[in-house]
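Student: I have a model open and would like to learn how to read its features. Could you walk me through it?

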Amino acid sequence: DRLKRNTEKIIEMTRFNEDILKSIPAGIITTDKDGHLLSVNEAAKNLLHENRRKNRDIDIMETLLEQLSETLKSNRVINNILTFNDIEGNTIYLDVTTSLLKGNESSKDGAICSFNDISDRKKFEKNMDLLDRLTSIGQFAAGIAHEIRNPLTGMKTSIQVLENRMYKNYDSSNERLFSGVIQEIDRINNLISGLLNFAKPRASKFEKTNLEEVLENTLTLLVNHADENDVEIKVSGCENAEVCADKAQMEQIFLNIIKNSISAVERSGLVTVCFSNSLREDGMYVTAEFYDNGCGIQLKDMPKIFNPFFTTKSQGTGLGLSVVYELVKINHGKIDIQSVEGEGTKVRIDFPAYGGKDFE
Ligand SMILES: Nc1ncnc2c1ncn2[C@@H]1O[C@H](COP(=O)(O)OP(=O)(O)OP(=O)(O)O)[C@@H](O)[C@H]1O
Ligand SMILES: [Mg+2]
């Protein structure tokens with residue numbers, strides 16, 4: 001009878017331990033003292049499976065086993081944040097701790113590895129960093145922009161006056177020089193406008209805004225630009241594309257994104273804009289996705305694309321996406337860019353649907 005009770009107790013304990021391993025959200029892997037895999041819990045299987053699906057050629061398990069054997073060799077607890085890049089250009093962060101598995105007599109029985117996918121947390125931290133950086137750059141830029149614009153206006157006026165005076169002894173080379181100077185001044189002026197726009201967007205007027213209509217307006221502005229480059233733009237709508245936003249700012253967002261796509265695709269490229277609705281825990285959302293089959297963005301450039309003045313184009317100012325980022329934020333949206341070099345780029349923006357949320 002006693003034996004039976006004890007056996008039951010042991011079974012219960014074992015089951016309890018198994019339940020803990022099964023329910024814990026951390027991935028847990030154990031090996032024997034020679035580094036041979038002993039067990040992989042449910043969370044580890046899911047995490048590895050999910051990542052294997054996305055990564056194709058990266059073997060995360062191999063890396064984990066390496067760290068385990070390192071622990072076995074050195075008898076040390078090792079904590080690492082491992083990073084992997086998946087095929088979509090996202091970085092996966094795993095927080096991995098390996099330690100020795102010790103039996104009763106504190107003999108070395110093997111090693112245990114516990115790990116968590118902290119990619120979402122990392123992404124959030126990076127976003128906060130970016131936000132901080134953009135805010136301070138913005139304040140700095142606004143100051144400089146004002147200081148540059150004033151003398152610029154003076155210069156332009158003087159040049160125009162001089163030009164008129166020079167007309168009296170006409171010389172065509174002088175005329176070219178003058179118009180060159182004026183063109184350059186205009187160029188700086190445009191740059192400053194862009195900068196001010198980024199640093200201090202004018203007050204928004206939030207109203208019921210249909211994003212499909214906004215896109216239509218934007219496309220009329222872009223028709224020539226797209227035709228010139230022989231780029232086709234396809235649009236697919238959704239049931240309800242209404243959001244509460246500033247129409248002009250939405251147009252500017254779309255314009256900057258599509259202009260980037262047009263310049264990324266070679267001749268005969270394709271740009272697709274898809275709207276969709278989704279119901280989430282906190283209400284209805286409208287999503288706009290912009291796909292292009294252009295040159296894509298190099299992995300090393302991905303962290304920089306929202307930085308003001310980051311550009312890979314000879315004629316670019318690098319302000320387009322920083323303005324987009326700011327305007328999306330002001331209009332309560334979220335932006336995410338994914339890109340594969342040589343294949344294309346996807347820009348996704350989510351906005352709360354009209355009437356779905358109260359702001360301020
Ligand atoms: N759809 C895209 N395809 C490929 N690269 C892109 C795409 N969108 C942005 N980029 C990259 O991000 C960089 C920054 O874009 P951003 O719009 O901020 O500036 P820009 O286009 O270079 O200049 P501007 O928009 O001020 O004329 C680009 O120079 C380019 O390298
Ligand atoms: Mg741009």
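Student: Which residue forms a salt bridge with aspartate 350, and how far apart are the closest N and O atoms?

Tutor: The general idea comes first: side chains of opposite charge can pair when their charged atoms come close. In this predicted model, aspartate 350 pairs with arginine 280, and their closest N and O atoms are 3.1 Å apart. Aspartate 350 sits in strand 12 (residues 344-352) and arginine 280 in strand 9 (residues 270-280), so this salt bridge ties together parts that are 70 residues apart in sequence.

Student: Are the two partners buried or exposed?

Tutor: They fall into two classes. Aspartate 350 counts as buried because its relative accessibility is 10%, under the 20% cut-off. Arginine 280, at 31% relative accessibility, counts as partly exposed.

Student: Which residues are linked with Arg280 and Asp350 in a network of salt bridges?

Tutor: Glu289, Lys346 and Arg348 are linked with them in that network. Over the whole structure, a search finds twelve salt bridges.

Student: Could you show me some other pairs from that search?

Tutor: Happily. Aspartate 301 forms a salt bridge with lysine 304, with 3.8 Å between the closest N and O atoms. Here aspartate 301 is buried, at 7% relative accessibility, while lysine 304 is partly exposed, at 33%. Another salt bridge joins the side chains of glutamate 207 and lysine 205, at 4.0 Å from N to O. Glutamate 207 is partly exposed because its relative accessibility is 27%, whereas lysine 205 has a relative accessible area of 54% and is therefore exposed.

Student: How many disulfides does a search of the whole structure find?

Tutor: That search finds zero disulfides. You can still read the surroundings of individual cysteines. Cysteine 113 is buried, at 0% relative accessibility, and cysteine 295 is partly exposed, at 45%.

Student: Let's move to domains. How is the chain divided?

Tutor: There are domain 1 (2-117), domain 2 (124-199) and domain 3 (207-352). The C-alpha centres of domain 1 and domain 3 are 42 Å apart. Their contact takes five residues from domain 1 and four residues from domain 3.

Student: What area is buried between domain 1 and domain 3?

Tutor: As a general idea, the size of an interface is often given as the accessible area lost when the parts come together. Between domain 1 and domain 3 the buried area is about 340 Å², and carbon and sulfur atoms give 49% of that. The rule finds zero salt bridges across this interface. The count of residue pairs in polar contact between the two domains, with both residues at pLDDT 80 or more, is zero as well.

Student: Now a helix, please. How many residues of helix 8 are buried?

Tutor: Helix 8 (residues 320-330) is mostly covered, with eight of its eleven residues buried. Among them are Leu321, Val324, Tyr325, Glu326 and Leu327. After helix 8 comes histidine 332, which has a positive phi, near 65°.

Student: One last residue: where is serine 236 found, and which residues does it touch?

Tutor: Serine 236 belongs to strand 7 (residues 232-236). Leaving out residues up to four places away in sequence, serine 236 touches Val273, Cys274 and Phe275. Its relative accessibility is 32%, so serine 236 counts as partly exposed. You can also compare sequence and space: serine 236 and glutamate 212 are 24 residues apart in sequence, and their C-alpha atoms are 9.1 Å apart.

Key:
Residues numbered from 1 in each chain as written. Chains lettered and ligands numbered in written order. Heavy atoms only, no water. Disulfide = S-S within 2.5 Å. Buried < 20%, exposed > 50% of the residue type's maximum accessible area, 1.4 Å probe, protein only. Helix = DSSP H or I, 4+ residues; strand = E, 2+ residues; numbered from the N terminus. Contact = heavy atoms within 4.5 Å. Domains from an automatic or database assignment. Buried area = accessible area lost by both parts, 1.4 Å probe. Polar contact = N/O pair within 3.5 Å; in protein donor to acceptor, adjacent residues only side chain to side chain.
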